[in-house]
Amino acid sequence: MHSLSRRLLVSVSVPLALFIGVMMVVLDNSSRQLTDRSLQQLLDSQMVALIAAAEPQPDGKYAPESNDLAARLRTPRSGLYAQIVSAHNKVWRSPSTAGTPIDFGPPLGPGSRDFRYSTNDHERIEIESRGIEFEDRTGHLQLTFSVAASMTPYEQQLWAFRRQLFGWFSGLMLVLLAALAGLLRWVLAPLRRMEREIHEVEEGRSEALGGGYPRELSGVATNLNALLIGERKRVARYRDTLGNLAHSLKTPLAVMRASLSSNNSVSEVVLNPEIDRMSAIIEHQLKRAAASGGALLGQAPVDVAPIVAELRVALLKVYARKDLSIELVVAPACQFIGDRGDLTELLGNMLDNGCKWCRGVVRLTASVDGSFATKERLSIVVEDDGPGISFEDRIRIGQRGVRTDEAVPGHGIGLSMVQDTVEMYGGTLIIGESDALGGALFALRLPGR
């Protein structure tokens, strides 16, 4: 769910960031164009004023009267400069150019206009020049009027605007992302609730999903609940069918056995083993019918310690004539996610097998591996100090589909039942040799916590 939230947030935030970036570029470009137009309008207005105020001087120059000049043209290093080049390269410059070396460019012909940039020691300057032809008593006179303005104030203003623009849009993006994260959290709240309730059903703390979901999820919740109910009914029907079948066969077999015993015929020697074999199969199926059929959703966790303690007491009574000890090493709060009867049958068969073949010691160790990636985190190991199981028999016992009638003598219904139950719960069974005791070792991994 967290991954889905992050993916949705990233999938929306990336286009949003691109959109904001494009908007910043567009606004910055518009601001720069506006600054350029403002600077050109300033130069145009000063050019018109300079041309209108220019008068011939006694020394042959053309220059405006000092009172007609703009205040910035009269102030040195003001950032606004002017120059008039008349015949014979007689040059007039505004007082503002004092101490500021500026290259206004070459003289222009009549009707010419030129925009150029220049750089002095400390600033960039934009220059506009026009070629003008005057007619007076002496004839035609060609003049070049030039007006220049420092770009530093405009660039400073542009960079200040860029910083504000970046700050505004950064703040806006953070606000939008926070609002988007809150919106996604609100929108995905039903999905997080469904995830939590499914987890509770898996751990057995709840039997079904709750109600009150939005219309888009109500159908999913309803179908999941129907699936849970249907699965429980299916397992119950499967268990009842196997139980009825096994019980229905037990009576005819008992009659057959009684009839053979009363007749005392030769066929009894042939048929009795087969009847015993059929009875063992029925017993096996009865035990399978008693099992719940696997780790169903909604099953409550079962504590392992009380079950193994009860089994230990019972087995010590059964094997009272055999001098043996059953050692239990069970981690605190060790739980099995499944049916209590299945776990009892499973551990009972394994401990019974150990008691049957051991010389004097059977040990059961149960722990929970929290680092295991899947839900099969419950580890149960049963080992004894008996003769062990040969490698060929280990392979045969571990094969899928091996049943009582195919099992190696001495490992009949019990171990077949263990194998079936482990498969139903999706667990694993490893048969090996105990390094500590020297006998057989059965290592189980089952759903637990």
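**Burial, packing and salt bridges in the predicted chain**

T421 is buried, with a relative accessible area of 3% (buried: under 20%; exposed: over 50%; partly exposed: in between; 1.4 Å probe, protein chains only). The model is predicted, with local features requiring pLDDT of at least 70 and side-chain atom pairs pLDDT 80 or more, whereas totals for chains, interfaces and linings use all residues. Residues are numbered from 1 along each chain as its sequence is written, and side-chain values use heavy atoms, without hydrogens or water. T421 lies in helix α10 (helices, H or I of at least four residues, and strands, E of at least two, are DSSP runs numbered from the N terminus). With neighbours within four places in sequence set aside, the contacts of T421 are D342 and L346 (contact: heavy atoms within 4.5 Å).

The chain as a whole contains 10 helices and 14 strands. Of its 449 residues, 37% are buried. Among the contacts with a separation of 6 or more, 62% are between residues 24 or more positions apart. The accessible surface of the chain amounts to about 24,800 Å², and carbon and sulfur atoms hold 58% of that surface (Shrake-Rupley method, 1.4 Å probe; for residues, only the protein chains shown count as cover).

The largest nonpolar core holds 34 residues (buried Ala, Val, Leu, Ile, Met, Phe, Trp, Tyr and Cys joined through side-chain atoms within 4.5 Å). Within this core, V304, L343, L347, L351, L364 and I380 touch the most other members. Two or more residues each are contributed by the helices α7 (304–318), α8 (340–357) and α10 (413–424), and likewise by the strands β11 (361–368), β12 (378–384) and β14 (440–446). The largest share, 6 residues, is supplied by α8. A second, separate core comprises 21 residues, including L39, L42, L43 and L73. In the larger set, V304 illustrates the packing: residues up to four places away in sequence not being counted, V304 touches V330, C334, Q335, F336, L343, A366 and L378.

The count of disulfides is 0 (pair of cysteine sulfur atoms within 2.5 Å). C355 takes part in no disulfide, and the nearest cysteine sulfur to it belongs to C358, at 5.6 Å. C358 is likewise in no disulfide, with the sulfur of C355 as its nearest cysteine sulfur, 5.6 Å away. Both residues lie in the buried class: the relative accessible area of C355 is 0%, and that of C358 is 5%.

Salt bridges number 11 in the model (side-chain nitrogen of Lys or Arg within 4 Å of a carboxyl oxygen of Asp or Glu). One of these joins the side chains of R162 and D28, with an N to O distance of 2.4 Å. R162 belongs to helix α3 (residues 152–187) and D28 to helix α1, so this pair ties together parts that are 134 residues apart in sequence. D28 is classed as buried, at 14% relative accessibility.

A further salt bridge is formed between the side chains of D103 and R116, at 4.0 Å from N to O. This pair links distant parts of the chain, as D103 is in the loop between β4 (91–93) and β5 (113–119) and R116 is in strand β5, 13 residues apart. D103 counts as partly exposed at 46% relative accessibility, and R116 is also partly exposed, with a relative accessible area of 24%.

The side chains of R124 and E155 meet at 2.9 Å, N to O, in another salt bridge. R124 is placed in strand β6 (residues 124–136) and E155 in helix α3, so parts 31 residues apart in sequence are tied together by the pair. Relative accessibility is 36% for R124, which is partly exposed, and 29% for E155, also partly exposed. In addition, D44, R113, E128 and R130 are joined into one network through salt bridges that share partners.

On the surface, V10, V14 and L18 constitute a nonpolar patch with about 270 Å² of accessible area together (residues with over 30% relative accessible area and no salt bridge; like charges joined within 9 Å, nonpolar side chains, Val, Leu, Ile, Met, Phe, Trp and Tyr, within 5 Å). V10 is located in helix α1 (residues 2–53). At 47% relative accessibility, V10 falls in the partly exposed class.
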